[in-house]
Amino acid sequence: MTLPVSLVSFLFPSNGLVGLATGAGRTTQSSPALAVAALRSAQANEEREVARKAQDPQVKRDLERFAEVLARAQTPEDLLNDRTARNVLLTANGLGASVDALGLAKRALFGDYNAANHPAQQLREVAPAWLGTAQKYDFDASGLDKLREEGALEEIATNYTNIRWQEDLERRAPGLSFAMTFIKTGANLDRAVEVLGNRVAREVITGAFGIPPQIALQPLETQISVIERRIDVTRLSEQSYREDIARRYLIQRNAGQFGAGSIAQLFA
């Protein structure tokens, strides 16, 4: 299965991790053993879980509202002015964290996105999904035409549903959505510099091997050397190797509640 670019953007809506909580202000808690078990379950049941998420009443209501607003909207502004429609559109394109930033959405998605001073260009390093979305729909030139093309609604629905499922994963165990994404997409990386340039792979590998975030401040050659000392990049094509790294990452992310004995058992 090829992961939509929007899911990668969802994981990194800016230059930091997405923040998810369960309940009012309560952060998800897990343990190494539970996190690894959750990964196994998510891998085994992904298709069924995503299909079930598509039948979630709130997801269905959101998508129905989007279709209704799109059908009667005369301009892209009309679509964005409806909060539910805006939520679906932005979330499906990896921009859900900015659903309440209507002004930003209009500035980033309208106008000449090729201009150096355009907001989408200025945000491309920390939030590349703005530029990708602006290019994809080209609202100034095409209006709502691209959203009304055959298959466009289905793509929106698929992406929106998958991202809502990804949120469920992260509630089960911190880092679970990252681990799943890495397992699916890591096979495309065969050089350390590509690992460093891939936000999900960098998060998982540096987290798995205790490499501090400050590595980003080091010269590129130093960063490459650190990655190559920790992993055999040529083996990322092997799913079992990616799964080993993903499990190690989850253990590190969720190790706060259990001692070394519990962690060691996971490697047995």
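Me: Where does K146 sit?
Reply: In this predicted model, K146 is placed in the loop between α9 and α10.

Me: And is K146 buried, exposed or partly exposed?
Reply: K146 has a relative accessibility of 28%, and because buried means under 20% and exposed means over 50%, K146 counts as partly exposed.

Me: What does K146 touch, leaving aside its neighbours within four places in sequence?
Reply: With those neighbours set aside, K146 is in contact with K136, Y137, D138 and A152. For K136, the C-alpha atoms of the two residues lie 8.1 Å apart in space, while ten residues separate them in sequence.

Me: D138 is on that list, so where is D138 found?
Reply: D138 is found in the loop between α8 and α9, the latter being residues 139-142, and D138 follows α8.

Me: What is the phi of D138?
Reply: Phi of D138 is near 45 degrees, which is a positive value in a residue other than glycine. As background, most residues other than glycine have a negative phi.

Me: Let's go to α8 itself. Which of its residues are buried?
Reply: Helix α8 covers residues 129-137, and the buried residues in it are A129, W130, L131, T133, A134 and Y137.

Me: What about A129, how is it placed?
Reply: A129 counts as buried because its relative accessibility is 9%. In space, A129 and G94 are 6.3 Å apart, C-alpha to C-alpha, although they are 35 residues apart in sequence.

Me: Where is G94, and what phi does G94 take?
Reply: G94 comes just after α5 and takes a positive phi of about 80 degrees.

Me: How many residues of α5 are buried?
Reply: Helix α5, residues 83-92, is mostly covered, with eight of its ten residues buried. The buried ones are A85, R86, N87, V88, L89, L90, T91 and A92.

Me: Which residue caps the N-terminal end of α5?
Reply: That end is capped by D82, which has a side-chain oxygen 3.2 Å from the backbone nitrogen of T84.

Me: Back to α8. How do α6 and α8 pack?
Reply: Helix α6, residues 102-109, and α8 pack at an angle of about 60 degrees, and their axes are 9 Å apart. The two helices are therefore oblique to each other. On the α6 side the contact is made by L104, A105, A108 and L109, and on the α8 side by W130, T133 and A134. By class, those residues divide into six nonpolar, one polar and no charged.

Me: Why is a pair of packed helices described with an angle and a distance?
Reply: Two packed helices are described by the angle between their axes and the distance between the axes.

Me: Switching over to α10, at what angle do α3 and α10 pack?
Reply: Helix α3, residues 57-72, and helix α10, residues 152-172, pack at an angle of about 150 degrees, with 11 Å between their axes. Since angles over 145 degrees count as roughly antiparallel, α3 and α10 are therefore roughly antiparallel to each other. Their crossing is right-handed.

Me: Which residues meet there?
Reply: From α3 there are V59, D62, L63, F66, A67 and L70, and they meet L153, I156, A157, Y160, T161 and R164 in α10. By class, this contact has nine nonpolar, one polar and two charged residues.

Me: And how do α10 and α11 pack?
Reply: Helix α11 is residues 176-185, and α10 packs with α11 at an angle of about 120 degrees, with the axes 7 Å apart. That makes α10 oblique to α11. W165, Q166, L169, E170 and R172 of α10 make the contact with L176, S177, F178, M180, T181 and K184 of α11. The residues of this contact divide into five nonpolar, three polar and three charged.

Me: Further along, is I251 buried or exposed?
Reply: I251, in helix α15, residues 239-253, counts as buried because its relative accessibility is 3%. Its C-alpha atom and that of A208 are separated by 7.9 Å, with the two residues 43 apart along the chain.

Me: Zooming out, how many helices and strands does the protein have?
Reply: The secondary structure comes to 16 helices and zero strands, and 47% of the 268 residues count as buried. Among contacts between residues at least 6 apart in sequence, 67% join residues at least 24 apart.

Notes. Residues are numbered from 1 along each chain as its sequence is written. This is a predicted model: local features need pLDDT of at least 70, side-chain atom pairs count only at pLDDT 80 or more; totals for chains, interfaces and linings use all residues. Side-chain values use heavy atoms; hydrogens and water are left out. Helices (H or I, at least four residues) and strands (E, at least two) are DSSP runs, numbered from the N terminus. Buried means under 20% relative accessible area, exposed over 50%, partly exposed in between (1.4 Å probe, protein chains only). A polar contact is a pair of N or O atoms within 3.5 Å; within protein, one must be able to donate a hydrogen and the other to accept it, and residues adjacent in sequence count only if both atoms are side-chain atoms. Axes are lines fitted to C-alpha atoms, for helices over the stretch in contact, and angles run from 0 to 180 degrees between N-to-C directions. Angles under 35 degrees count as roughly parallel, over 145 as roughly antiparallel, 65 to 115 as roughly perpendicular and the rest as oblique. A crossing is left-handed if the near helix is turned anticlockwise from the far one by less than a right angle, and right-handed if clockwise. Contact means heavy atoms within 4.5 Å. Ala, Val, Leu, Ile, Met, Phe, Trp, Tyr, Cys and Pro count as nonpolar, Asp, Glu, Lys and Arg as charged, and the others, Gly among them, as polar.
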